[in-house]
Amino acid sequence: MLDVKFLDALKGSASEYQGARQQVIRTSDDIRNASKRAIFAMHRDDMAKADELLAEAVAGLAQIGEMAGSVPKILGEGSYRSALEEYVEARLYRDYLEGKPVGKVEIEGLEVPYDVYLGGLSDLVGELQRRLVKLATAGDLDGVKATRDTMEEIVGVMMEMDLTGYLRNKFDQSKNSFRRAEEVLYEISVRRS
């Protein structure tokens with residue numbers, strides 16, 4: 001004998017989750033795309049476009065936050081976490097370019113899990129390395145040094161953490177970006193001597 005009421009409720013919950021999951025996947029793709037395009041715009045010094053794209057990403061995150069009100073489990077979806085990490089990276093890079101300290105990323109109604117934040121912070125080092133190369137190409141030695149110093153601070157803080165798995169891989173990538181930044185600074189120094 002089956003408890004039909006219970007099983008029908010279970011089926012309804014599963015159906016609701018699957019519908020929300022599909023929407024989260026689509027929205028997360030849009031968030032990730034807008035965040036990546038915002039970073040690209042920042043590298044081209046098009047801050048107006050970057051801000052427009054960041055606002056688009058925030059709107060998508062708010063949409064997912066609303067869905068999570070009725071289906072909280074969707075916040076554990078990999079597509080959402082990946083999109084949130086990309087947004088964190090873009091937001092941190094924008095804050096850096098505005099001269100703000102690299103710190104907490106706040107999104108109304110949503111909490112950024114520590115591992116997602118650390119993934120975005122690791123990726124920020126790569127964006128700073130790209131910026132450093134651009135500054136070196138322009139001959140801005142002070143900008144190169146300041147950017148390298150920020151990268152060193154980030155890598156130094158993360159080095160104090162016992163990162164494993166995915167975050168360890170991300171951290172190793174950030175260390176490689178930092179190493180390349182130091183090589184750029186070394187090359188500039190040698191050529192100026």
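The expected span of a helix is 1.5 Å times one less than its number of residues. Keep that rule handy for the first stop, and remember as you click around that this is a predicted model.

**Stop 1: helix 3**

Select residues 78-97, which make up helix 3. With 20 residues at 1.5 Å a residue, the helix should span 28 Å, and its end C-alpha atoms sit 29 Å apart, so the two agree. Now switch on a surface for the rest of the chain: 16 of the 20 residues in helix 3 are buried, so the helix is mostly covered. Just after helix 3, pick glycine 99 and check its backbone: phi is positive there, near 85°.

**Stop 2: the core**

Next, go for the largest nonpolar core, which has 54 residues. Which of them touch the most other members? Show Met42, Leu61, Ile74, Ile107, Tyr117 and Leu121 as sticks, since those are the ones. Colouring by element helps here: helix 1 (4-43), helix 2 (47-70), helix 3, helix 4 (114-137), helix 5 (141-159) and helix 6 (165-192) each give two or more residues to this core.

Zoom in on tyrosine 117 and leave out its neighbours within four places in sequence. What remains in contact with tyrosine 117 is Val88, Leu92, Val102, Gly103, Lys104, Val105 and Val112.

**Stop 3: two spots on helix 1**

Helix 1 holds both valine 4 and threonine 27. Buried or exposed: what is valine 4? Its relative accessible area is 51%, and the cut-off for exposed is over 50%, so valine 4 counts as exposed. Add Leu2, Phe6, Leu7 and Leu10 to the selection and you have, with Val4, a nonpolar surface patch of about 500 Å² accessible area together.

Slide along to threonine 27, and the picture changes. At 5% relative accessibility, under the 20% limit, threonine 27 is buried. Beyond its neighbours within four places in sequence, threonine 27 is in contact with Gly60, Gln63 and Ile64.

**Stop 4: salt bridges**

Side chains of opposite charge can pair when their charged atoms come close. The count in this model is 20 salt bridges; here are a few to pull up.

Start with aspartate 45 and lysine 134, whose side chains meet at 2.8 Å, N to O. Aspartate 45 is in the loop between helix 1 and helix 2, while lysine 134 is in helix 4, so this pair ties together parts 89 residues apart in sequence. Both ends are partly exposed: aspartate 45 has 45% relative accessibility, and lysine 134 has 32%.

Now select lysine 170 and aspartate 123, a salt bridge with its closest N and O atoms 2.7 Å apart. Lysine 170 belongs to helix 6 and aspartate 123 to helix 4, so the pair links distant parts of the chain, 47 residues apart. You may want to clip the view, as lysine 170 and aspartate 123 are both buried.

Stay on helix 6 for arginine 179 and glutamate 183, which lie four residues apart, about one turn of the helix. Their closest N and O atoms are 2.8 Å apart, and they form a salt bridge. Arginine 179 is partly exposed at 39% relative accessible area, and glutamate 183 is partly exposed at 40%.

Last selection: Asp51, Arg94, Glu98 and Lys100. Salt bridges with shared partners join these four residues into one network.

Key: Residues are numbered from 1 along each chain as its sequence is written. This is a predicted model: local features need pLDDT of at least 70, side-chain atom pairs count only at pLDDT 80 or more; totals for chains, interfaces and linings use all residues. Side-chain values use heavy atoms; hydrogens and water are left out. Buried means under 20% relative accessible area, exposed over 50%, partly exposed in between (1.4 Å probe, protein chains only). A nonpolar core is a set of buried Ala, Val, Leu, Ile, Met, Phe, Trp, Tyr and Cys residues joined through side-chain atoms within 4.5 Å. Contact means heavy atoms within 4.5 Å. Patches are made of residues with over 30% relative accessible area and no salt bridge: like charges are joined within 9 Å, nonpolar side chains (Val, Leu, Ile, Met, Phe, Trp, Tyr) within 5 Å. Accessible areas come from the Shrake-Rupley method with a 1.4 Å probe; for residues, only the protein chains shown count as cover.
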